[in-house]
Amino acid sequence: MKYVAITAAFLAGMITGMSVFSRAADLYLDINGFSRHSQTHYTYQGERQAYNADNAGLGLTKQLTDGVDLMAGFYKNSFHKPSIYAGANFHINFLSGMYALRPGVSVGLVSGYDNTPDHTGMVRLCVLPNIRASIQNLGVKVGYVPAIGGSRGNVAVSVLTVQFQYQIN
């Protein structure tokens, strides 16, 4: 519950702060959905555990320019820990009437991986190639986390992530 309150305050601050920069920009409610890992299990403190594929959470994305969106939110990460994220998504737009395809890359900070096999600090840098497809005000964003070196006896794991988006304005 503490993470939800912190995230709600953070999101409110983010929206207020972004209004300084924005024109009548698009605002999206992000529903963080699920992930698919290239491995099903990992080992932590001598125990074999299953990756969490149900990454429920919420966030907000606000269009800053035609090629840059700011985003923040929370989700339950692959190690069953709460994570909070904030960053920017840089993308190009392919538009056709009510359809849009936006390949891009998100760069930001994420928490919640400190007491996990990854052994990162409280906050770490995250780079996530992604593509968003949308029809009118509904969209889906698929991201890819490439496998980069295993940690403490664990095999490096690739992850596909899925996030649903609903345009609020």
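**A walk through strand 2 and the aromatic core**

Let's start with strand 2, which has two faces: Tyr42 and Tyr44 sit on the covered one, while His41 and Thr43 sit on the uncovered one. That pattern fits a general rule, since in a regular strand the side chains alternate between the two faces of the sheet. Keep in mind that what you're looking at is a predicted model.

Strand 2 has a partner. It runs antiparallel to strand 3 (residues 47–50), and 4 bridges join the two. If you follow Tyr42 across, its bridge partner in strand 3 is Gln49. The hairpin that these strands form has 2 residues between them, and here Gln45 takes a positive phi near 50°.

Now back to the covered face, and to what lies around it. Tyr42 and Tyr44 both belong to the largest nonpolar core, which counts 11 residues in all. The other members are Tyr51, Met71, Tyr75, Phe79, Tyr85, Val110, Tyr113, Val157 and Val159. Strand 2 (41–44) supplies at least two residues of this core, and so does strand 5 (68–76). As a general point, nonpolar side chains in soluble globular proteins tend to be buried together.

Tyr51 is a good place to stop and look around. Leaving out residues up to four places away in sequence, Tyr51 touches His37, Gln39, Thr40, His41, Tyr42, Ser78, Phe79, His80 and Val157. Two of those neighbours, Tyr42 and Phe79, will come up again in a moment.

With so many rings about, how do they sit against each other? The structure holds 6 aromatic pairs. In one of them, the ring centres of Tyr42 and Tyr51 are 4.8 Å apart and the planes meet at 45°, so this pair counts as tilted. Tyr42 and Tyr51 are both buried. Another pair is Phe79 with Tyr113: the centres lie 6.1 Å apart and the planes are at 85°, so this one is edge-to-face. The pair brings together distant parts of the chain, 34 residues apart. Phe79 comes from the loop between strand 5 and strand 6 (82–91), whereas Tyr113 comes from the loop between strand 8 (99–111) and strand 9 (123–135). Phe79 and Tyr113 are buried too.

Put the pieces together and you get a cluster, with ring pairs linking Tyr42, Tyr51, Phe79 and Tyr113.

Finally, look for charges over rings. The charged end of Arg124 sits over the ring of Tyr113, at 4.2 Å from the ring centre. Arg132 does likewise with Tyr28, its charged end lying over that ring at 4.6 Å from the centre.

Technical notes: Residues are numbered from 1 along each chain as its sequence is written. This is a predicted model: local features need pLDDT of at least 70, side-chain atom pairs count only at pLDDT 80 or more; totals for chains, interfaces and linings use all residues. Side-chain values use heavy atoms; hydrogens and water are left out. A nonpolar core is a set of buried Ala, Val, Leu, Ile, Met, Phe, Trp, Tyr and Cys residues joined through side-chain atoms within 4.5 Å. Buried means under 20% relative accessible area, exposed over 50%, partly exposed in between (1.4 Å probe, protein chains only). Contact means heavy atoms within 4.5 Å. Rings of Phe, Tyr and Trp (its six-membered ring) pair if their centres lie within 6.5 Å; planes under 30 degrees apart count as stacked, over 60 as edge-to-face and the rest as tilted. A charge sits over a ring if NZ of Lys or CZ of Arg is within 6 Å of the ring centre and within 35 degrees of the ring normal. Two strands pair if DSSP finds at least two bridges between them.
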